[in-house]
Amino acid sequence: MSSYPRPYPAQNPSAFVTTIIQWQKQHGRHHLPWQKTGDAYRIWLSEIMLQQTQVSTVIDYYHRFLVRFPTLQALAQADQADVMPYWAGLGYYARARNLHKCAQAVQATHGGRFPEDPELIAALPGIGRSTAGAIAAFAYGVRTPIMDGNVKRVFTRYFGVTGYPGNSVVEKTLWALAHDVLDAAPATVDIAAYTQGLMDLGSGPCARRNPACEQCPLSHSCHARKHGLQNQLPTPKPRAEVPLRSCHMLILLHDDHVFLEQRPDSGIWGGLWSLPEFDDPEALASYCVQRGVTTAPQRMGGLQHVFTHFKLDITPWQVNAPGATTREAEPQKQWFALQQWPTLALPAPVKKIIAGLAQPSLISAPAEPDAG
DNA sequence: TATCCGTGGGA
DNA sequence: TTCCCAAGGAT
């Protein structure tokens with residue numbers, strides 16, 4: 001018994017399997033190079049190359065590899081250094097090292113023939129649960145499930161499984177579901193056609209983007225199809241936590257006016273008026289000196305602003321600019337009356353700061369202006 | 001359990 | 001440009 005919750009009683013596991021088998025035989029792929037053989041060595045090689053790698057990329061590598069290493073024995077007897085050139089460009093080079101080790105392991109502990117038991121296959125280097133299932137099903141007709149990216153897509157959509165499939169709890173649920181589906185299937189099934197059919201569906205009608213449900217034999221009872229969730233399932237990988245940035249803003253005051261700069265059109269807050277912004281307090285201080293401000297700015301209470309792609313910690317610094325002019329030469333640097341803040345095009349956090357300056361009673365007391 | 005491992009493709 | 005993902009596994 002599996003322990004995953006069963007929120008989808010409408011689906012019929014037995015019909016799921018038989019429908020996929022029929023569809024695969026009529027509409028599935030039948031001419032991929034590794035489908036022409038029952039040789040476990042070639043099937044294994046293809047499954048390793050296909051890990052996280054698209055079919056179109058693998059095909060040439062697969063042929064080249066087999067010309068040089070036509071049998072498991074040939075591979076096992078070679079040096080690893082002779083193998084690596086045939087993997088160069090494919091990526092994930094641990095696959096090639098494990099491939100070589102695996103060939104030697106099969107030679108040494110299984111008499112040169114891949115075992116049929118998926119658990120024994122999965123104990124070999126570079127072979128996990130899903131690859132072991134595929135080898136057992138394709139090479140030996142063993143009735144055992146796989147759970148690769150294609151199958152995850154078909155299962156999450158058809159059965160309505162939510163949560164990122166890379167999450168271990170979700171993946172465990174999917175494996176349990178895959179076992180239960182096979183357990184409920186007819187006593188005799190073409191396991192190779194079923195396994196291939198799942199992958200053909202996942203790379204065809206049930207593609208990642210814009211699935212062609214009208215071409216899918218399962219659409220009439222598909223959870224995602226029924227609820228219009230094709231583009232929400234599988235649940236996408238949660239986005240990495242947004243980075244935290246920080247900046248310092250200068251509140252330059254003179255005679256109830258505040259000094260603002262218009263931001264460039266490109267970039268964040270494009271075209272809006274904002275307080276002069278600096279990466280660090282030193283840059284802010286030297287800017288004040290350049291403008292002839294002789295007193296030190298006072299640090300005010302900070303605030304955080306959340307964007308879609310980062311968080312921004314803002315530290316305001318306030319200083320009076322006695323004797324400063326309210327006329328600026330550059331049009332994108334101007335003094336504005338504090339009371340004017342509701343009419344200005346200001347970023348939200350800046351508006352909050354300026355509003356607080358215009359209504360000092362609403363915020364904690366700002367630092368006393370310079371005594372000199 | 002989360003992270004790393006490579007390259008190519010698509011939006 | 002940038003991000004996500006592709007017939008996953010090892011650590």
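Me: Before we get going, when do two strands count as paired?
Reply: Two strands pair if DSSP finds at least two bridges between them. Keep in mind that what we're looking at is a predicted model.

Me: OK, so how many bridges join S1 to S7, and which way do the two run?
Reply: Strand S1, residues 244–254, is joined to S7 by ten bridges, and the two run parallel. As one example of who faces whom, Met 249 stands opposite Pro 316 in S7.

Me: Which sense do S5 and S6 take when they pair with S7?
Reply: S5 (residues 298–299) pairs with S7 in the antiparallel sense, over two bridges. S6 (residues 303–306) is also antiparallel to S7, with four bridges. For S5, Gln 298 has Gln 318 of S7 as its bridge partner. For S6, His 305 is partnered with Leu 312 of S7.

Me: Why is S7 largely enclosed by the rest of the structure?
Reply: Because seven of its ten residues, in the stretch 311–320, are buried.

Me: Switching to the DNA. How many residues surround strand C, and which are closest?
Reply: There are 28 residues around DNA strand C, and the closest are Leu 50, Gln 52, Gly 126, Thr 131 and Arg 153. Of the strand C atoms that come within 4 Å of the protein, 67% are sugar and phosphate.

Me: Which backbone atoms sit by its phosphate oxygens?
Reply: Gly 126 has a polar backbone atom 2.6 Å from a phosphate oxygen of DNA strand C. For Ile 127, a polar backbone atom is 3.5 Å from a phosphate oxygen of that strand. With Gly 149, a backbone N or O atom is 3.0 Å from one. Helices H8 (129–140), H9 (149–159) and H11 (191–203) are the elements giving two or more residues to the surface near DNA strand C.

Me: What classes of residue make up that surface?
Reply: Nine nonpolar, eleven polar and eight charged.

Me: And which residues surround DNA strand B?
Reply: Among them are Gln 52, Thr 53, Tyr 92, Tyr 93, Arg 208 and Arg 209. By class, the surface near DNA strand B has three nonpolar, four polar and two charged residues.

Me: What share of the strand B atoms there is sugar or phosphate?
Reply: Within 4 Å of the protein, 44% of the DNA strand B atoms belong to sugar or phosphate, and the rest to bases.

Me: Which side chains have polar atoms by the bases of strand B?
Reply: Tyr 92 has a side-chain N or O atom 2.4 Å from a base oxygen of DNA strand B. Thr 53 puts a polar side-chain atom 3.4 Å from a base nitrogen of DNA strand B.

Me: What about Tyr 93?
Reply: A backbone N or O atom of Tyr 93 is 2.9 Å from a phosphate oxygen of DNA strand B.

How values were computed: Residues are numbered from 1 along each chain as its sequence is written. Chains are lettered from A and ligands numbered from 1 in the order in which they are written. This is a predicted model: local features need pLDDT of at least 70, side-chain atom pairs count only at pLDDT 80 or more; totals for chains, interfaces and linings use all residues. Side-chain values use heavy atoms; hydrogens and water are left out. A residue is near a molecule or strand if one of its heavy atoms lies within 4 Å of it. A polar contact is a pair of N or O atoms within 3.5 Å; within protein, one must be able to donate a hydrogen and the other to accept it, and residues adjacent in sequence count only if both atoms are side-chain atoms. Ala, Val, Leu, Ile, Met, Phe, Trp, Tyr, Cys and Pro count as nonpolar, Asp, Glu, Lys and Arg as charged, and the others, Gly among them, as polar. Buried means under 20% relative accessible area, exposed over 50%, partly exposed in between (1.4 Å probe, protein chains only).
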